[in-house]
Amino acid sequence: MNRLSLAHLPVAPAVDPRSLSVGVVHLGLGAFHRAHQAVITERAAALTGDTRWGISGVSQRSATVREQLAPQDGLYAVLERGAGDPTAQVIGSIREVLTAPEDPEAVVARIADPAVSVVTLTVTEKGYRAKNGALDLDDPEIQADLTGRPPRTVVGQLAAALARRNDPLTIVSCDNLVANGPFLRRLVAEYFEALGKVPEVFEASRFPASMVDRIVPATTDADRDEAARLLGVRDEAVVVAEPFLQWIIEDDFAGPRPAWEQAGAVLTGDVAPWEQAKLRILNATHSMLAYLGALRGYETIAEAVRDEELAALAHTLITEDVIPTLTPPDGLDLPSYGATVLERFANPALKHRTTQVAMDGSVKLPVRLLGTVEDRLAAGAEPTTLALAVAAWMVYAKTAPTLDDPQAPLLTKALTNATTPTAIVDTLLAINTIFTPTLATSTPFRDLLITHVTTLTRP
Ligand code: CS2
């Protein structure tokens, strides 16, 4: 069977990549970007006819994505799996693929290119290399970048490119972090401080916050076969997604940008209420279902949320522990948002694996669950179900056959001699890169955790 490419094109993309020049650099060319920002960027180009916004996608680790996309002229399909039959849509917004470890200088040069005015990022929580909310200056890769080598870290890439630019840049973080834009700005500022020089262009550059939402599970062989059936050609770069797609962006740009709002994105003055609702409702219940689901032997999130007990717990988490901490964004009814989220999780066609959502718990928990726990404790409330979610992570960390987490060595070492529920809780609560002093010293929180870990480890 032929491979998807401009020569073997079953369905024309809304935009031909050859017609686009590069105006956006995206750091972190994983499946999520290809099913999210790349789709909206393409739609905006198609609707406006503005050809300035082709994407230069940067893979931060391996050459796999380039090897998949290069023979396909940057084309790939989004396989949408909803309630009806799956559909496949070919996307044409990716203009080039760079692999950072192979050619770090090319990445800096591309971001410094005057034709580029926007950088977007999906590098996951750990890609920011932060510790306790600040740039981790002990990180060996950050240290190596600071010595002046062609940078390998995301913060190093941005800083090196900013230092070379005359025009300010807009850098849009699209990761699931609290106040992601301002957070990234702080990290870049700390990097410049460590270097001892802050370029003027940094002050004029912008770091808007943004909230992104679309469930994008890892692509499987079954998905590639399905796409081949629908397209009539092989697509080695296909990505899978649910129909739902949302992007809320703080309207704070230093220069020109794609007309994303024409393609369904919402530009607004304040992203915080959207972001809090999404992280604390969607991502928090996702993590809870991943850990409790994996402990019960479920392979997918859909199976976990179809377990009535787990569905009831997710509902309780949302209504009793989370919603009281939130200010609803304009026009959003939080209880119905919560109900919609659980319906989306139940989509059986997605096959989102519990182990995929469970990974990187040490960096996800603080963002999704622990801020809410602190708010509830401060309000004098008992965060019972939140503590269950945290306890489920603790038991998962203790019992999972492999732990996919940037702090896995530390966690595994700490847990080796912890054999009782109390020891498991105490050893993990003491890790200060995860738990703040307030949480580490909260007796009610510790008591709840011990009770839950006891229940979850009972044979
Ligand atoms: C998930 C998210 O893997 C995870 O941790 O919770 O990737 C989730 O699917 C997205 O944030 C949905 O927008």
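The legends below walk through several views of this predicted model, starting with the whole protein and then moving in.

**Figure 1. The whole protein, with its 20 helices and 13 strands.** The radius of gyration is 22 Å, close to the 23 Å that the globule rule gives for 459 residues, so the protein is as compact as a globular protein of that length. Along its principal axes, the C-alpha trace spans about 60 × 55 × 45 Å. Half of the picture is interior, in the sense that 50% of the 459 residues count as buried. Take the contacts between residues at least 6 apart in sequence: 79% of these join residues at least 24 apart.

**Figure 2. The two domains named in the UniProt record.** The unreviewed UniProt entry places "Mannitol dehydrogenase N-terminal" at residues 23–261. Over that stretch the chain is 34% helix and 21% strand, and its end C-alpha atoms are 17 Å apart. The record also places "Mannitol dehydrogenase C-terminal" at residues 270–444. Here the make-up is 68% helix and 0% strand, and the end C-alpha atoms lie 34 Å apart.

**Figure 3. The shell of residues around the ligand.** To find your way around this view, look for Asn176, Asp213, Arg214 and Ile215, which are among the residues around the ligand. The others in the shell are Asn283, His286, Gln356, Val357 and Lys364. Sorted by character, the shell holds two nonpolar, four polar and three charged residues. Helices α10 (272–295) and α14 (354–358) each supply at least two of the shell residues.

**Figure 4. Helix α12 and the helices that cover it.** This helix runs over residues 308–322 and has 15 residues. From its first C-alpha to its last, α12 reaches 20 Å, close to the 21 Å expected at 1.5 Å a residue. Its buried residues are Leu310, Ala314, Leu317, Ile318, Asp321 and Val322. The cover over these buried residues includes α10 and α11 (301–305), along with α13 (334–345), α15 (361–378) and α16 (384–399). You may recognise α10 from the previous view, where this helix supplies residues to the shell around the ligand.

**Figure 5. Asp73, a residue with a positive phi.** Most residues other than glycine have a negative phi. Asp73 is not a glycine, yet its phi is near 55°. You will find Asp73 in the loop between helix α3 (64–69) and strand β3 (76–80). Is this residue buried or exposed? Asp73 is buried, because 20 other C-beta atoms lie within 10 Å.

**Figure 6. Asn132, another residue with a positive phi.** The phi of Asn132 is about 45°, although this residue is not a glycine. Its place is the loop between two strands, β7 (130–131) and β8 (134–135). With 10 other C-beta atoms within 10 Å, Asn132 is exposed, whereas Asp73 in the previous view is buried.

**Figure 7. Arg18, in the segment before the strand β1.** Strand β1 covers residues 22–27, and Arg18 is found in the segment before it. Arg18 counts as exposed because 12 other C-beta atoms lie within 10 Å, and a residue with 12 or fewer is exposed. Leu6 is a useful landmark here: Arg18 and Leu6 are twelve residues apart along the chain, and their C-alpha atoms are separated by 9.6 Å.

Terms used. Residues are numbered from 1 along each chain as its sequence is written. This is a predicted model: local features need pLDDT of at least 70, side-chain atom pairs count only at pLDDT 80 or more; totals for chains, interfaces and linings use all residues. A residue is near a molecule or strand if its C-beta atom, placed from the backbone, lies within 6 Å of it. Helices (H or I, at least four residues) and strands (E, at least two) are DSSP runs, numbered from the N terminus. Ala, Val, Leu, Ile, Met, Phe, Trp, Tyr, Cys and Pro count as nonpolar, Asp, Glu, Lys and Arg as charged, and the others, Gly among them, as polar. The radius of gyration is taken over C-alpha atoms; the globule rule is 2.2 Å times the number of residues to the power 0.38. Two residues are in contact if their C-beta atoms, placed from the backbone, lie within 7 Å. UniProt positions are given in the numbering used here, feature names are shortened, and annotations may be inferred rather than shown by experiment. The expected span of a helix is 1.5 Å times one less than its number of residues.
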